[in-house]
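Biologist: I am new to this structure and would like to understand the reasons behind the words used for it. Could we look at it together, one term at a time?

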Amino acid sequence: MDKSTPLASSWLVRSAPVAAAQAAGRPVVALESTIIAHGMPYPENVHTAREVEGLIRGMGAEPATIAVIGGRIRIGLSDDELELLGRSGKAHKVSRRDLPFALASGELGATTVAGTMICAALAGIEVFVTGGIGGVHRGAPESFDISADLQELARTSVAVVCAGAKSILDIGLTLEYLETQGVPVLSCGQDNFAAFYTRDSGFRADFRLDDAAEQARFIRAKWDLGLAGGVVLSTPVPEPAALPRAEIDAWTDQALAEARDQGVSGKAVTPFVLARIKALSGGRSLATNIALVKHNAEVGARLALALAAPAA
Ligand code: PSU
Ligand code: MN
């Protein structure tokens with residue numbers, strides 16, 4: 001159950017419901033906290049986090065939102081802790097590089113996809129639901145801005161359910177990078193990789209597997225062989241919530257230009273661009289973001305249930 005070494009375990013604390021679920025062999029679904037602290041505004045962020053947890057619970061899996069609080073990796077948060085993360089405005093954005101700092105300093109840390117994957121793997125959780133993964137940024141050949149999420153997918157064995165990657169990224173280069181690193185990109189519900197606010201990135205996913213049992217079998221085959229590393233499971237935002245491609249493209253171009261003009265760099269880029277797109281869209285992008293995360297939670301819960309079922 002606990003795949004971490006005793007030393008690593010000393011930094012981990014599970015909530016009572018998560019510990020009970022794992023002890024009983026019930027499926028657990030990890031959730032990230034950067035989306036709460038840096039990806040959405042308050043109070044919608046906290047509201048959405050609770051709704052997503054409720055959805056997962058309703059489907060028979062246990063949600064485990066992950067964050068760093070008080071010098072410990074917390075696997076499963078209380079309502080008050082979700083509120084703290086969503087409201088404080090002070091949480092550090094914690095990726096692989098930042099995890100030791102958050103633990104050693106005792107300061108509040110919201111984990112990214114990479115950070116959450118590391119913690120989920122330590123806690124023995126195989127499925128993780130997020131909104132969108134980080135990727136290769138447009139202009140990366142000059143800026144070298146490639147999300148640490150991709151390198152984490154290459155090395156850490158967690159299945160990441162997402163609505164693809166945002167078109168603020170270079171999706172073609174993101175998929176090339178994942179291919180080089182041996183990370184399979186599965187799609188559920190359509191042939192193509194999703195593009196977060198819009199359903200179709202214009203790029204094919206590697207393998208289309210609509211059924212959770214098939215997804216689980218694929219993932220088992222990979223890990224049974226000792227092929228360490230993650231799997232991306234992309235599923236598109238439900239049709240009624242999707243935004244028109246042309247509008248999203250225009251807001252994205254403007255947000256990226258502003259980021260460049262204001263010299264925004266490093267880990268500040270993604271939150272800056274998300275916030276600007278929200279403002280430019282008059283809040284419509286936020287509604288889409290919420291809808292896609294909820295849908296991802298359903299797909300992730302089904303996958304976790306299938307992985308927990310005895311192999312066919
Ligand atoms: N994409 C989104 N919403 C988000 C993020 C990405 O649509 O909130 C967050 C995730 O936590 C992801 C991180 O892991 O941003 C990537 O940041 P960076 O590009 O700095 O690696
Ligand atoms: Mn970056």
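Modeller: Let us start with one residue of the core: leaving aside residues up to four places away in sequence, V232 touches I133, L153, V160, C162, L178, V183, V185 and L186. Please keep in mind that this is a predicted model.

Biologist: What makes you say that V232 touches V160?

Modeller: Two residues count as in contact if their C-beta atoms lie within 7 Å, and V160 is one of the residues that V232 touches in this sense. Both V232 and V160 are also among the residues with the most contacts inside the largest nonpolar core, together with V29 and L303.

Biologist: How many residues does the largest nonpolar core have, and which helix gives the largest share of this core?

Modeller: The largest nonpolar core has 98 residues, and helix 14, residues 284–308, supplies the largest share of them with ten residues.

Biologist: Why is this core said to lie between domain 1 and domain 2?

Modeller: Residues of this core come from both domain 1 (1–125) and domain 2 (132–240 + 284–308), and therefore the core lies between them.

Biologist: How far apart are the C-alpha centres of domain 1 and domain 2, and how many residues does the contact take from each?

Modeller: The C-alpha centres of the two domains lie 20 Å apart, and the contact takes 25 residues from domain 1 and 23 residues from domain 2. On the side of domain 1 that touches domain 2, the elements giving two or more residues are strand 2, helix 4 (44–58) and helix 7 (113–122), and the residues of that side divide into 15 nonpolar, five polar and five charged.

Biologist: Which residues does the UniProt annotation "active site" cover?

Modeller: According to the UniProt record, an unreviewed entry, the annotation "active site" covers E32 and K166. E32 is found in the loop between strand 2 and helix 3, while K166 has its place in the loop between strand 8 (159–162) and helix 10 (171–180).

Biologist: How do you know whether E32 is buried or exposed?

Modeller: A residue is buried if 20 or more other C-beta atoms lie within 10 Å of its own, and E32 has 28 of them within that distance, so E32 is buried. Not counting residues up to four places away in sequence, E32 touches I66, T111, T112, V113, T116 and T130.

Biologist: And why is K166 called buried?

Modeller: K166 has 27 other C-beta atoms within 10 Å, against a cut-off of 20 or more, and is therefore buried. With the residues up to four places away in sequence left out, K166 touches G132, A195 and F196.

Biologist: What makes G25 count as exposed?

Modeller: A residue is exposed if 12 or fewer other C-beta atoms lie within 10 Å of its own, and G25 has 8 such neighbours, so G25 counts as exposed. G25 is found in the loop between helix 2 (16–23) and strand 2 (28–31), and from C-alpha to C-alpha G25 and A308 are 7.6 Å apart in space, although 283 residues apart in sequence.

Biologist: Finally, how many residues surround ligand 1, and which are the closest?

Modeller: Ligand 1 is surrounded by 18 residues, the closest being T34, G39, V113, G134 and S147. By class, this shell has five nonpolar, nine polar and four charged residues, and helix 3 gives the most to the shell, with three residues.

Definitions and conventions
Residues are numbered from 1 along each chain as its sequence is written. Chains are lettered from A and ligands numbered from 1 in the order in which they are written. This is a predicted model: local features need pLDDT of at least 70, side-chain atom pairs count only at pLDDT 80 or more; totals for chains, interfaces and linings use all residues. A residue is near a molecule or strand if its C-beta atom, placed from the backbone, lies within 6 Å of it. Helices (H or I, at least four residues) and strands (E, at least two) are DSSP runs, numbered from the N terminus. Ala, Val, Leu, Ile, Met, Phe, Trp, Tyr, Cys and Pro count as nonpolar, Asp, Glu, Lys and Arg as charged, and the others, Gly among them, as polar. A nonpolar core is a set of buried Ala, Val, Leu, Ile, Met, Phe, Trp, Tyr and Cys residues joined through C-beta atoms within 7 Å. Domain bounds come from an automatic or database domain assignment. UniProt positions are given in the numbering used here, feature names are shortened, and annotations may be inferred rather than shown by experiment.
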